[in-house]
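Grab a pencil and open your viewer. Here are some exercises to work through, each with its solution spelled out.

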Amino acid sequence: MKRRTVLKGLGASVATLALPHVARAESSAVRIGLILPMTGPFASTGRQIEAAVKLYMQRNGDAVAGRKLEIVLKDDTGTADVTKRLAQELIVNDKVSFLAGFGLTPLALAPAPLATQAKVPQIVMAAATSTITEASPFIVRSSFTLPQATVPLAEWAPKNGIKRVVSLVTDYGPGHDAEKAFKERFSADGGQMLSELRVPLRNPDFAPFLQRVADAKPDAVFVFVPSGVGAQLMKQFVERGLDKSGIRLIGTGDVTDDDILNDMGDVALGVITTHHYSAAHDSPENKAFVEAFRKAAGFRPNFMAVGGYDGMHLVYEALKKTNGDTAGEGLVAAMKAMAWTSPRGPVSIDPQTRDIVQNIYVRKVEKVGAELFNVEFATIPNVKDPVKAAKG
Amino acid sequence: MRDRAEALILRRARWRPAEYVFWLLAFAALVLFPDRHLILNEIAILALFAVSLDLILGYAGLVSLGHAAFFGFGAYAAGLLAKHAVAEPVIGLVAAGAGAALLGFATSFLVLRGTDLTRLMVTLGVALILGEIANQAAWLTGGADGLQGVAMDPIIGVFEFDLFGRTAYAYSLVTLFLLFVAARRLVNSPLGLSLTAIRDNPLRAAAVGVPVNPRLVAVYTVSAAYAGIAGALLAQTTQFVSLDVLDFHRSADVLLVLVIGGAGYLYGGIVGAVLFRLVQDLLAGLTPQYWHFWIGLILVVLVLMGRERMTSGVAALARAGVDRLRPGAGRATKELRP
């Protein structure tokens, strides 16, 4: 009896090992390896992008240039060495023609050498550190860069009576980018940085940091946190009574992420952020996108979703241009200088940096109907990533 | 009396047919599953890590919730060495193992103090401290973005790492095998037997003249070296190190692996690693969103069923194999502790 149990276990293990042989049988389809954090603290990113990718395929058909498209979804749990192994398996076993997804900066950087080695385009749909596109010539980004979203805010603040600021960022690549970009621009425009605080990426507890913000008594606190963590920050911001102390909260749009904004409640009202996408963006493309997304997924799209949606647009259009040819160099060349109207507004791919060029909007949290939205009130058109632009 | 003891020890140490089959299968996987080398490589590394924990937990009875400290230390040591000095993997492996052993030696004195609960806290604390150091020393480790730019030379100048993970798996498997053989010798030696005595009753062991603390220090150091080498293997074969190698979930996972496979019998770690990773991979492939649920369910069922059964099942299997080949010698495997 016991022996049978053990034998069964071993048999199942061997069967598991043999599985991919079956999965690999058909080869005419173009495969896209989608690696996302579907579980763990950054699962909301994965959920949004997966829904957006599905929606794009639903609206545009699952065949391009005569070839069927297939998505192979993998969960990397937000762990970089898993991302790398999955990317390697997708390239070697599933013979994917595109790698896509990548929820956080370390997760996008880890497989970059593989993309170069295997000549597979890597479409970064979420991660936002400026340097990512420099890690491999096969990386193209459909999300945004942190400095891109930050610099316009640093310009807006001094013009609107904010002179003394404390920054509070998450301690990893994008956070450092945001902190540096804000400080440089803000100081150059005559603002004063009182102090720069960094919160750990994993298991953040904002309370002690917010206390230090309260003690410094700035005009405003500039905040960057990854998508999904903003709710916790807002909650502690109110618990500490900072909302009543006259300290304004400004930040990149990650803080008032559309996905969780509505659950934050009225405490979020009036928060000023700059970002490239708001679900309340006023354009016919966006209205159609938001409506279809809500219908298909059952929740509101956020900037991660639009990154995934535009990433799929890159895949489709590149394949159209190469007529279904999946050689990596050709696909990347086809994506360069591509321009289209996304739900977020007009965008294009910078042919030099393979980064996205887009409008940045200044927004304020307001109640529209029964829901909270980031309502855009100013636009800075065609912003390139300022870090790479400065490098020339 | 002495002869009988000697005979008993020798009989325990003898290689059994099932073991030959096991290792032949492991090496045959190099040819049999050419497109699964990447996960096999991960399994081999996790197995080595579990063997390392088994040495202290299963044999010496030292509980640890922070074994990832040595794993992560080895990974960073190997990664940094390759990045800044020597990119030859075997040298890196030895250096990482030696470094982790030193760290293990130093921290073993902390672990010796107190009882199980204290030990859990101390080991956990050591891992947390190292994790935070790696996070703060971003200039050295790359912080939360991970250590970039690790490039390995071919192994002993001949075998280059390939995209398919073939070299990586062969390398990890050979390392696992050699270290396993060494560990097997260790636990069957008088030193190993004295550890078992300490585990079962430290007071009585001390009373019959076993130097308890020095023995524990020794096995803790060896175990740390093993974990460091496992970490180095991960760093070298993935050519990337992230903060995650020091994370709590590494320590928890390896404990889980050992629970699944059964502690106190070196194969437990390896069997556990194979089952854990394959089930995880299969479930994550089937339902990328909800696989945690299934893993959890399987674990609960496993514990309810009693893990003893699983290992005794393996032992029974081994015994049956022995019986078939050498009638009358079947009792030899009885010493395999479930």
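The exercises below go through a predicted model, starting with confidence and ending with single residues.

**Exercise 1. Confidence**

Find the mean pLDDT of chain A and of chain B, and say which stretches fall below 50.

*Solution.*
- Step 1: Start with chain A. Its mean pLDDT is 88, and 93% of its residues reach 70 or more.
- Step 2: Now look for the weak spot in chain A. Residues 20–27 have a pLDDT below 50, and beyond near neighbours in sequence this stretch makes three contacts in the model.
- Step 3: Do chain B in the same way. The mean there is 86, with 90% of the residues at 70 or more.
- Step 4: In chain B, the pLDDT drops below 50 over residues 327–338, a stretch with 21 contacts beyond near neighbours in sequence.
- Step 5: For the complex, the predictor reports an ipTM of 0.72 and a pTM of 0.80.

**Exercise 2. The sheet of β1 to β6 in chain A**

Work out the strand order of the six-stranded open sheet in chain A, and say which strands sit at its edges.

*Solution.*
- Step 1: Begin with β2 (residues 63–64) and β3 of chain A, which are antiparallel and share two bridges. For a landmark, A:A63 stands opposite A:K68 in β3(A).
- Step 2: Check the turn. Two residues lie between the strands of this β2(A)–β3(A) hairpin, and A:A65 has a positive phi near 50 degrees.
- Step 3: Move across β3 (residues 67–75) to β1 (residues 30–36) in chain A. These two run parallel and are joined by seven bridges. One pair to click on is A:V30 with its bridge partner A:L69 in β3(A).
- Step 4: Go on to β4 (residues 98–101) and β5 (residues 122–124) of chain A, a parallel pair with three bridges. Here A:L99 has A:Q122 of β5(A) as its bridge partner.
- Step 5: Put the order together: β2-β3-β1-β4-β5-β6 in chain A, with mixed pairing. The edges are β2 and β6 (139–141) of chain A, since each pairs on one side only.

**Exercise 3. Two domains in chain A**

How is chain A divided into domains, and what does domain 1 of chain A bring to the side that touches domain 2 of chain A?

*Solution.*
- Step 1: Take the bounds. Domain 1 of chain A covers 7–144 + 284–354, while domain 2 covers 147–275 + 360–391.
- Step 2: Compare their centres over C-alpha atoms: domain 1 and domain 2 of chain A are 29 Å apart.
- Step 3: Count the residues in the contact. Domain 1 of chain A puts in 18 residues and domain 2 of chain A puts in 19 residues.
- Step 4: Look for helices on the domain 1 side. In chain A, α2 (43–60) and α12 (303–321) each supply at least two residues, and α2(A) gives the most, with three residues.
- Step 5: Sort that side of domain 1 of chain A by class: eight nonpolar, eight polar and two charged residues.

**Exercise 4. Chain B and one of its helices**

Describe the make-up of chain B, then check whether the length of α4(B) agrees with its residue count.

*Solution.*
- Step 1: Count the elements. Chain B has 15 helices and zero strands.
- Step 2: Look at burial. Of the 338 residues in chain B, 46% are buried.
- Step 3: Look at contact range. Among contacts in chain B with a separation of 6 or more, 77% join residues 24 or more positions apart.
- Step 4: Now the helix. α4 (residues 68–84) of chain B has 17 residues, so at 1.5 Å a residue a span of 24 Å is expected; the end C-alpha atoms are 24 Å apart, and the two agree.
- Step 5: Finish with its surroundings: 14 of the 17 residues of α4(B) are buried, so call this helix mostly covered.**Exercise 5. Two residues in chain A**

Are A:K183 and A:A370 buried, partly exposed or exposed?

*Solution.*
- Step 1: Place A:K183 in helix α7 (residues 173–188) of chain A.
- Step 2: Count its neighbours. A:K183 has 18 C-beta neighbours inside 10 Å, so this lysine counts as partly exposed; buried would take 20 or more.
- Step 3: List the contacts. Leaving out residues up to four places away in sequence, A:K183 touches A:S167, A:M193 and A:E196. A:E196 is 13 residues from A:K183 in sequence, and their C-alpha atoms are 9.1 Å apart.
- Step 4: Turn to A:A370, in the loop between β14 (356–368) and β15 (371–383) of chain A.
- Step 5: Count again. A:A370 has 6 C-beta neighbours inside 10 Å and therefore counts as exposed.
- Step 6: As a last distance, try A:A370 to A:G190: 180 residues apart in sequence and 39 Å apart in space, C-alpha to C-alpha.

Methods. Residues are numbered from 1 along each chain as its sequence is written. Chains are lettered from A and ligands numbered from 1 in the order in which they are written. This is a predicted model: local features need pLDDT of at least 70, side-chain atom pairs count only at pLDDT 80 or more; totals for chains, interfaces and linings use all residues. Two strands pair if DSSP finds at least two bridges between them. Helices (H or I, at least four residues) and strands (E, at least two) are DSSP runs, numbered from the N terminus. The expected span of a helix is 1.5 Å times one less than its number of residues. A residue is buried if 20 or more other C-beta atoms lie within 10 Å of its own, exposed if 12 or fewer, and partly exposed in between; C-beta atoms are placed from the backbone. Domain bounds come from an automatic or database domain assignment. Two residues are in contact if their C-beta atoms, placed from the backbone, lie within 7 Å. Ala, Val, Leu, Ile, Met, Phe, Trp, Tyr, Cys and Pro count as nonpolar, Asp, Glu, Lys and Arg as charged, and the others, Gly among them, as polar. pLDDT is the predictor's confidence in each residue, from 0 to 100.
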